[in-house]
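These are my notebook entries on a single protein chain. I set down what I looked up, one topic at a time.

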Amino acid sequence: MTDKITALYCRLSQDDMLQGESNSITNQKAILKKYAEDNGFSNTVFYVDDGVSGTTFERDGFKAMMADIEDGKVGTVITKDLSRLGRDYLKTGEYIEIIFPDYDVRYIAINDNVDTFKSENELLAFKNIFNDWYARDTSKKIKAVFKAKGQSGKPLSVPIYGYKKSEADKNLWLVDDEAAEVVRRIFKLCIEGYGPVQIARILTQEGIPTPTAYALSQGRDNGHKNAKLHRWSGKTISHILDRPEYIGHTVNFRTHKKSYKNKKTVRNPQEEWLIFENTHEPIVTQHEFDLVQELRKNKRRPTKHEEVNPFSGMVYCADCGKKMYLCRATSLTADQEHLKCSTYSSDKDACSAHFIRTVVLNEIVLNELNKLLARVKEHEEEFVQAAMDNSVQKQSSELTKAKKALKQAEKRIIELDRLFTRLYEDNVSGKISDERFTVMSSGYEDEQKKLKASVTELTAYIETAEQKSADVTAFISVVQKYERITELIPEIMHELIEKIVVHAPDKSSGHRTQQIEIHYRFNVAVTTAVADSMKYDKKRKVA
């Protein structure tokens with residue numbers, strides 16, 4: 001016996017709790033204290049990890065004990081059994097047989113009759129392996145339970161920011177009104193043209209609590225221990241904007257752990273996610289969510305100007321198809337701000353000089369939008385029919401081909417099923433050899449697998465093409481929000497227009513004109529106008 005610390009180490013995991021009181025921290029402490037008293041161990045200190053798995057050694061209590069061991073303060077470590085020290089047989093063996101002896105530390109596992117001071121403990125390695133196997137088996141069982149729960153449509157995660165658990169049903173998410181208003185604001189700002197970093201800056205300046213700060217204020221812990229409580233980040237905003245949960249869907253199996261030992265979270269490919277639609281009340285509409293996802297496809301660097309130009313990211317060059325970049329500076333007046341082809345800017349031989357002033361484009365787009373609003377309000381039925389006809393004309397040939405290909409694929413799949421059955425019967429009756437059966441059946445299976453994949457793709461394409469009538473209805477509902485547009489703002493632009501295409505200038509008439517194409521959302525219509533800078537300048541002089 002020495003005056004060094006006798007470390008009494010206790011550990012309890014969530015799985016151990018299911019086995020009753022025998023492994024509880026209270027019971028472990030009582031066993032360890034009695035053993036120390038009965039065997040003359042003094043200067044005892046408890047080191048405790050409550051609710052931590054034995055497959056990891058990243059435990060606060062264990063690390064505190066190891067810090068004291070490395071400082072030479074500990075002479076003996078005692079645990080109830082080997083599994084309390086750890087369930088990773090490699091690491092546990094390393095601590096018992098290499099690390100502890102290096103620091104002259106004696107190790108005792110009471111129930112397993114292990115004492116490194118008294119014997120070589122020949123069975124130690126086998127006992128550690130059994131403890132490891134137990135952890136592996138428990139992990140498999142827990143995964144099976146979670147898989148069954150996830151496949152049933154119940155959420156596997158805690159409610160995300162904007163939602164809270166129902167008191168009556170723990171698997172039901174309810175809208176948290178205060179946080180939901182912030183989520184709606186984030187989506188609205190994105191539609192208005194602000195990027196994640198800009199939105200984060202706005203929320204921070206307004207003093208709105210971050211998701212972690214809000215959860216803590218409500219007496220909840222969202223698991224983000226290192227999050228900054230008073231400053232929103234662009235990453236947090238992006239994460240919120242990407243989540244289908246905000247339109248009422250449950251998304252399971254987004255991530256997985258590498259193994260029962262390595263707890264690092266790995267993101268699953270999106271095709272492996274399971275999405276269950278309309279499981280809880282949405283916070284934003286499907287239209288708002290889809291619009292945000294489309295805007296997010298073309299991410300832009302935040303501009304130094306506070307206001308967002310309505311044309312940012314929406315104007316394209318007719319020749320090269322690339323975006324036209326907005327050129328603005330404090331040295332330029334409003335009349336001098338312009339859009340230019342990004343390809344021509346970097347390589348003058350790759351495209352021609354496409355250039356248009358934003359004031360000219362603003363007047364044209366505003367005029368065409370108001371014409372469209374008037375047309376929809378006065379002749380809604382005619383507009384709907386024309387939009388649907390336009391869509392059908394564009395897609396009729398492709399749709400016909402797709403339906404024909406789908407029918408042929410489905411017919412061939414049924415035929416292959418019959419051939420496979422006949423082939424199996426011929427093999428059983430001895431008409432064809434096993435080798436021949438293997439070759440032929442493998443070929444049929446490969447063909448059928450490819451056909452089924454093709455059927456899935458064709459079905460999705462046909463469903464999308466036939467959805468155009470619903471798309472036109474959605475466009476009408478957006479248009480009805482506006483009486484007359486007096487000013488172009490990013491929200492209006494993004495709701496009504498998909499893109500604007502600018503053609504090369506034409507100077508054949510003696511002055512500069514340009515053809516402008518406005519492509520409206522949902523492919524409902526395309527209007528063409530001519531930009532004449534000279535006419536615009538004359539109007540400005542008269543005014």
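**Entry 1. Backbone outliers in loops.** I began with N113, which counts as exposed because its relative accessibility is 69%, above the 50% limit for that class. I work throughout on a predicted model. I located N113 in the loop between β4 (106-109) and β5 (114-115). I then read its backbone angle: N113 has a positive phi of about 60°, although it is not a glycine.

I looked up F253 as a second case. Its phi is positive as well, near 65°, and this residue too is other than glycine. I found F253 in the loop between β8 (250-252) and β9 (255-257). Is F253 buried, partly exposed or exposed? I note it as partly exposed, since its relative accessible area is 22%.

**Entry 2. The chain as a whole.** I counted 18 helices and 18 strands in the secondary structure of the chain. Of the 543 residues, 43% are buried. I also examined contacts between residues at least 6 apart in sequence, and 63% of these join residues at least 24 apart.

**Entry 3. Helix α3.** I listed the buried residues of α3 (residues 60-70) and obtained G61, F62, M65, M66, D68 and I69. Why do they lie on the same side of α3? They cover an arc of only 160° around the axis, and this puts them on one side of the helix. I recall the general rule here: an α-helix has 3.6 residues a turn, so residues three or four places apart point the same way.

I next asked what the buried residues of α3 pack against. The partners are the strands β1 (5-12), β2 (44-50) and β3 (74-79), together with the helices α4 (82-85) and α5 (89-102). After α3 comes G72, with a positive phi near 80°.

**Entry 4. The pair α3 and α5.** I took up one of these partners separately. The helices α3 and α5 pack at an angle of about 35°, and their axes are 12 Å apart. I resolved the contact into residues: F62, M66 and I69 in α3 meet Y95, I99 and F100 in α5. By class, this contact has 6 nonpolar residues, no polar ones and no charged ones.

**Entry 5. Nonpolar cores.** How many residues has the largest nonpolar core? I find 42, and the residues with the most contacts inside this core are V365, L496 and I497. I traced the core to its elements: the helices α13 (358-378), α16 (468-479) and α17 (490-496) each supply at least two residues, as do the strands β12 (315-317), β14 (338-341), β16 (497-502), β17 (513-520) and β18 (526-532). The element that gives the most is α13, with 10 residues.

I followed I497 in detail. Leaving aside neighbours within four places in sequence, I497 is in contact with M314, V365, L369, I518, H519, Y520 and R521. Apart from the largest core lies another, of 32 residues, and I note V183, L203, I240 and L291 among them.

**Entry 6. Salt bridges.** My search of the whole structure gave 15 salt bridges. I looked up several of them.

The side chains of R185 and E206 meet at 2.8 Å, N to O. R185 lies in helix α7 (residues 177-191) and E206 in the loop between α8 (196-205) and α9 (211-217), so the pair ties together parts that are 21 residues apart in sequence. R185 counts as partly exposed at 31% relative accessibility, and E206 is partly exposed with a relative accessible area of 43%.

E192 forms a salt bridge with K188, with the closest N and O atoms 2.5 Å apart. I record E192 as buried, with a relative accessible area of 19%, and K188 as partly exposed, with 41%.

E245 forms a salt bridge with R254, and here the closest N and O atoms are 3.0 Å apart. Are the partners buried or exposed? E245 is buried, with a relative accessible area of 1%, and R254 counts as buried at 12%.

Finally, I noted a network of salt bridges that links K80, D81 and R84.

Key:
Residues are numbered from 1 along each chain as its sequence is written. This is a predicted model: local features need pLDDT of at least 70, side-chain atom pairs count only at pLDDT 80 or more; totals for chains, interfaces and linings use all residues. Side-chain values use heavy atoms; hydrogens and water are left out. Buried means under 20% relative accessible area, exposed over 50%, partly exposed in between (1.4 Å probe, protein chains only). Helices (H or I, at least four residues) and strands (E, at least two) are DSSP runs, numbered from the N terminus. The arc is that of the directions from the helix axis to the C-beta atoms. Contact means heavy atoms within 4.5 Å. A nonpolar core is a set of buried Ala, Val, Leu, Ile, Met, Phe, Trp, Tyr and Cys residues joined through side-chain atoms within 4.5 Å. Axes are lines fitted to C-alpha atoms, for helices over the stretch in contact, and angles run from 0 to 180 degrees between N-to-C directions. Ala, Val, Leu, Ile, Met, Phe, Trp, Tyr, Cys and Pro count as nonpolar, Asp, Glu, Lys and Arg as charged, and the others, Gly among them, as polar. A salt bridge is a side-chain nitrogen of Lys or Arg within 4 Å of a carboxyl oxygen of Asp or Glu.
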